Amino acid sequence: MNLTTRNFFLDCTTIYYMEFLGIFKRDADKHTVLASGQVTPDSARCVQCGICTYNCPVGIDVRAHAWRGEPVIHSQCLTCGECVARCPRGVLRFEQTDLFAKGRE
Amino acid sequence: MNYVIIGSGVAGIAAIEAIRSIYPSPFGRGQGEGDVEITLIGDDPHGFYSRPGLAYYLTGELHDKALFPRTAYDLRKLNFHYVKARVTMILRDQHTLELAGQAPLSYDRLLIAVGAQALPLEVPGANIEGVLKLDHMQDAKRILKHARRGKSAVVVGGGITALELVEGFVSRGMKVHYLLRGDRYWSNVLDEQESRIVEQRLREEGVTLHHHAEAIEVTGRNGRVSGIRLLNGQQLKCDLVAYAIGIRPRVDLAKQAGLAIDRGILVNEYLQTNDPDIFAAGDVAQAYDPMTGRSILDSLWGPARQQGHTAGLNMAGRKTAYIKSPPFNVTRLAGLTTTIIGTVGRGRDEDLAGIARGDSETWRQLPDSMVAQTGFEVNRLRLLVGEKTLLGAIVMGDQKLSFPLEKIISGNMDISPIRERLLAPKARIGDIVAEFWAGANIRH
């Protein structure tokens, strides 16, 4: 949750480096990182103030997702957690997606 | 069919979306049968923005441009006419609106969603430059124009808006005096412990609190605020005065048109007034709740959106009842995230005349109930325990339980299995609720 953007990139770099060293396969882990969680809004709490959108490092309109009550399923979402941490009304939370859980077993 | 909506707030936008969900925007106009025209009339020069978000604009957490949830393109997709004007009269028998400085406009179905406005501060000197309120974005901009580091501000009033003003000034580096008429903050919603927590945090932020303090005059020098005089004879020097002593639904149009009014415009569960072609939604509407048989004012974004949506569906002919859920608000009180759900208090607050922004009358209609509470520092949880259900909750600080509690209360879940344990002395009510919720989730 407190993973910052910088840390995220650092983690990615580490992953790439480890892949280069042949320590593990890249794709599975990248997917695990990106697909194991998504940001989900509780739209009844949302007042559309826009702090989430304002603070998104990749410019996703998180607020629009919150209005529609849809999870932030967006190819560019880093799941960095900026929006979750900054929302003053607890609208957003991480939700585990089990898409790849089976593959991991 | 010609739909007209007065008011560019969230209720109005939600109504347009609802109408368009039934009659999607046609390609081109004038396509014969079923052709739907929607017109939005608004007198707020800034159109549709997040009014609750103004609090974060004041503290500097947000840029003003970030407060607009919709781009011009988004709004164009809804295909409605936007008329920036003030409606001066509703001529019901002619189904026509008179506008200030513009040609009259006819309607088939009308929605009044004009919101509420701040009650004026009625003391001598209240019209001096530097006496401020927080209704609109314009007010927020005016406040920021006056707010200067090192200057001092006096805040008068209660509820959420008064604290938003206090926090805004504090974050701008101002010296703040907060006047309370009673002996504690927001006494008809918070209990004593909760009021004290908020007050203590305000003091830590450098705010000077004055209890039993009533402003009787704003004094000025050279046309600007220079101070405020209190009933007890005390005088405070200040550079601006901001007030939030409650709001009043803007019922004037409806009143003049002869619609049924109490504190707000009275509407049935279909958000319809006593004129079947006129609907009302949002802060201006006093909606009938079939569950309690009462007509209630809410001044909350969520219910306003829901009412606007329901009104839109009904206007477009899809009969849909407005099901009122227990009103709740998540807000920051002196930096402490606080969730208020259901009924939690009673009586009246001396600092507020009636309802305030971010407020619900339901919160104060507490029937017989028992209180279970825990926590005496920043993390506090108070539950209002009814016979079989939870009636209300206040969650301060740690918000882990706020989501489950909202579901338990709004779902009227039967809490008999844990009721006794909740009411036992020194019960760890947080753990009990968490356990109950986990069990309920497994069962469903």
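Helices, like strands, are DSSP runs numbered from the N terminus, a helix having at least four residues. The model on display is predicted, and this tour follows chain B from the whole to its parts.

**Select chain B.** The chain carries 11 helices and 27 strands. Its radius of gyration is 23 Å, close to the 22 Å given by the globule rule for 444 residues, so chain B is as compact as a globular protein of that length. When the view is aligned with the principal axes, the C-alpha trace spans about 70 × 70 × 40 Å. Of the 444 residues, 47% count as buried. Among contacts between residues at least 6 apart in sequence, 65% join residues at least 24 apart.

**Colour chain B by domain.** The domain assignment gives three selections to make:
- domain 1, residues 2-116 + 248-315;
- domain 2, residues 120-245;
- domain 3, residues 329-443.

Place a marker at the centres of domain 1 and domain 2 of chain B, taken over C-alpha atoms; 32 Å separate them. Where these two domains of chain B touch, 11 residues of domain 1 are in contact with 11 residues of domain 2. The domain 1 side of this contact consists of 6 nonpolar, 3 polar and 2 charged residues.

**Go to B:Gly157.** This residue lies in strand S10 of chain B, which covers residues 152-157. B:Gly157 has 29 other C-beta atoms within 10 Å, and because the cut-off for burial is 20 or more, it counts as buried. Next, draw a distance from its C-alpha atom to that of B:Trp186: the separation is 9.4 Å, although the two residues are 29 apart along the chain.

**Select helix H8 of chain B, residues 301-315.** The helix has 15 residues and reaches 21 Å from its first C-alpha to its last, close to the 21 Å expected at 1.5 Å a residue. In H8(B), 15 of the 15 residues are buried, so the helix is largely enclosed by the rest of the structure. Step past its end to B:Gly317, which follows H8(B) and has a positive phi, near 95 degrees.

**Show chain A alongside chain B.** The contact takes 18 residues from chain B and 15 residues from chain A. On the chain B side, the elements giving two or more residues are H8, strand S22 (328-333) and helix H9 (402-410). By class, the chain B side divides into 9 nonpolar, 7 polar and 2 charged residues. Helix H8 of chain B thus appears at two stops: as a helix whose residues are buried, and as one of the elements on the side that touches chain A.

Methods. Residues numbered from 1 in each chain as written. Chains lettered and ligands numbered in written order. Predicted model: local features only at pLDDT ≥ 70, side-chain atom pairs only at ≥ 80, totals over all residues. Buried ≥ 20, exposed ≤ 12 C-beta atoms within 10 Å, placed from the backbone. Expected span 1.5 Å × (residues − 1). Contact = placed C-beta atoms within 7 Å. Nonpolar A, V, L, I, M, F, W, Y, C, P; charged D, E, K, R; others polar. Rg over C-alpha atoms; globule rule 2.2 N^0.38 Å. Domains from an automatic or database assignment.
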